[in-house]
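This report describes selected local features of one molecular structure. The sequence and the coordinates come first, and the description follows.

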Amino acid sequence: MSTATAPQGGAAAAAPQPAAIRVYNTLSKTKEPLEPIRPGQIGMYLCGPTVYAESHIGHMVGPVIFDTIKRFLRYSGYQVTWVVNITDVDDKLIAKSRERKIPMGQIAIEMTADYLANLRELGVNQIDHLPRATDHMGEIIEFIRTLIEKGFAYEVDGDVFFEVAKDPDYGQLSNRTLESMLGDGGEAAGKKRASGDFALWKSARPEEPAWASPWGPGRPGWHIECSAMSHAILGETFDIHGGGLDLMFPHHENERAQSGCCHGAPMVKYWMHNGLMRAGEKGKVGGKSDRQAESDDVAGKISRSRGAGGLSQLIRRHTGERIRFFLLRTHYRSTIVYGEEGLEESGAALAAFYRFFERFAEVTGQSFYDLPAPAHRAEGSFDPAGEGVLVEAAGLRDKFLAAMDDDFNTALAISTLFDLLRAANRHLDQQGLGIGADRETPAVRTLYRLAGVLRDLTSVLGLFRQPPPDQPGRQADQGLTDGLMELLISLRKEARAQKDFATGDRIRDRLAELGVLLLDKKEGTFWERKP
RNA sequence: GGCGACGUGGCCAAGUGGCUAAGGCGAUGGAUUGCAAAUCCAUUAUUCGUCGGUUCGAAUCCGACCGUCGCCUCCA
């Protein structure tokens, strides 16, 4: 993850199969066919965080869906360059720095690390560039200078503002008129020509971090870093720009105005906005120790100011995979209502997949997680050769791909995964496949095929990349637990052999209370932790 | 006040003009089991906030109303 220039693809780029991918564009308010500016290549920019505090689950919605989108686009034959910015200069960072009495840069480093660690946990690993605003001061200043030269911006006492009235397209993205935006102009009201004008450069007050510029020491305003960095890495016009719905105005509207005016070309072809997450029940958002604790609202947008956070704890409690799955089960443009039960439910659903993977391993002696995942959708297709369950699987795979083609409908796509799972389990049941089965039979070959389809499709969603962590924090104890379980199971087996079911059941019930489930199968008794 | 989104079974959630309204969680019945768990099978919305309208036909389009939420100030 460098901030170097965009890779240029080269001749080796896979021939894109222009599958009929359609994307909902906020600008046109319709789904449009995805037609990249440069054939076969897609530049994608997602607004990342301002790193002044720990991230919360709401910050993960965009990264998870865009990570999935990138996986799917690559799978569909496109070469994708994905940029996520880190905004590490900002008024909030300055305020935080005063509060904690440590340098702004220190906070930015800490919070960036927190953000990246969370992304990693959720399987977001497709980002190509993570540019930081402070690393791009030169480009930012150059950008502002150009805007002044072209007459779109003006300087007043070391501050530089963008003059909104100069951009005829202003307001198009968020569907607003200039008249409707008459605010009080904020703290710089006296300096602005119009209250809707926004800061490109803010002069530094004493004690504030500052960079040298043609207008004196200062720092960039919010918005400009995204315009400058996306330009530096993706060029004047790029394909997809994403972010939360709350960024549509003013952030994206302003980015669009700056970039469009600076380059005389549209900044972005497709604007994509993900829905926001909402807290379903009061007090369940995280540390509710906050100033808003007295607020009685039952629901509301999750935000840092409401005391959300503790994402790493949430991950520890639920696993990153569960959270990723939870986010992907709702269409990305919908509001996701966050709640403990929703996460639990996702856990229960996921557990069924984990169980199948175990059955698969029992029969084949191979880990599902080691199965190769096709890199391209054409590689994943196969000939069902008239075999019922494979015909069904092939149909479900088509349905999955069609759902993803239609504006990345992960919720619908996931539903086919459950159908596939049921088909695979049914096959296992009907063929009587279990431990010790002959691995050279057609039935096992079919099982491989079915598991292969699941591997293929779930990889596209970034799911099941590795076995689920078995109750984090308990690993060290694993050997002992295994030994004890072996002992208990053999004791119970003896009791049952003597028809002493009372003792057998007592062992099982007691273990259940402790969160351990016993599964009596033909081949013997197995155990697992309650999901 | 301006702009916008949403309201689908007990809960979550797809579908946005026409096959029997996906899927998950849960529940119920059956197969299996000593009994369970897991798995499989079946059942679980004549109905999509309410009332009107357009249409041969609407959950899907239009209008009104009710309700929830978001943006308009910092926010993924």
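A residue is called buried under 20% relative accessible area, exposed over 50%, and partly exposed in between. The model discussed here is predicted.

**Two residues and their surroundings**

T525 has a relative accessible area of 22% and is therefore partly exposed. The residue belongs to strand β15, which covers residues 524-529. Apart from neighbours within four places in sequence, T525 is in contact with I489, R492, R496, L518, L519 and D520. With D520 there is also a polar contact, made between the two side chains at 2.7 Å. Although T525 and E486 are 39 residues apart in sequence, their C-alpha atoms are 9.5 Å apart in space.

E163 is buried, because its relative accessible area of 13% falls under the 20% cut-off. E163 is located in the loop that runs between β6 (159-162) and β7 (198-203). Its contacts, leaving aside neighbours within four places in sequence, are F152, A153, Y154, R193 and D197. The side chain of R193 forms a polar contact of 2.9 Å with the side chain of E163.

The side-chain polar contacts of these two residues are listed below.

| Residue | Partner | Polar contact between side chains |
|---|---|---|
| T525 | D520 | 2.7 Å |
| E163 | R193 | 2.9 Å |

**Packing of α4 and α5**

How are helices α4 and α5 oriented with respect to each other? They are roughly perpendicular, since angles of 65 to 115 degrees are placed in that class and the packing angle of α4 (residues 137-149) with α5 (residues 224-234) is about 105 degrees. The axes of the two helices are 9 Å apart. On the α4 side, the contact is made by E139, I140, F143 and I144. On the α5 side, I224, E225, S227, A228, H231 and A232 take part. Sorted by class, the contact has six nonpolar, two polar and two charged residues.

**Helix α13**

Helix α13 comprises the 19 residues 442-460. At 1.5 Å a residue, a helix of this length should span 27 Å, and the C-alpha atoms at its ends are 27 Å apart, so the expected span and the modelled one agree. The helix is mostly covered, with 14 of its 19 residues buried. G462 follows α13 and has a positive phi, near 75 degrees.

Definitions and conventions: Residues numbered from 1 in each chain as written. Chains lettered and ligands numbered in written order. Predicted model: local features only at pLDDT ≥ 70, side-chain atom pairs only at ≥ 80, totals over all residues. Heavy atoms only, no water. Axes fitted to C-alpha atoms, helices over the stretch in contact; angles between N-to-C directions. Helix = DSSP H or I, 4+ residues; strand = E, 2+ residues; numbered from the N terminus. Parallel < 35°, antiparallel > 145°, perpendicular 65-115°, else oblique. Contact = heavy atoms within 4.5 Å. Nonpolar A, V, L, I, M, F, W, Y, C, P; charged D, E, K, R; others polar. Expected span 1.5 Å × (residues − 1). Buried < 20%, exposed > 50% of the residue type's maximum accessible area, 1.4 Å probe, protein only. Polar contact = N/O pair within 3.5 Å; in protein donor to acceptor, adjacent residues only side chain to side chain.
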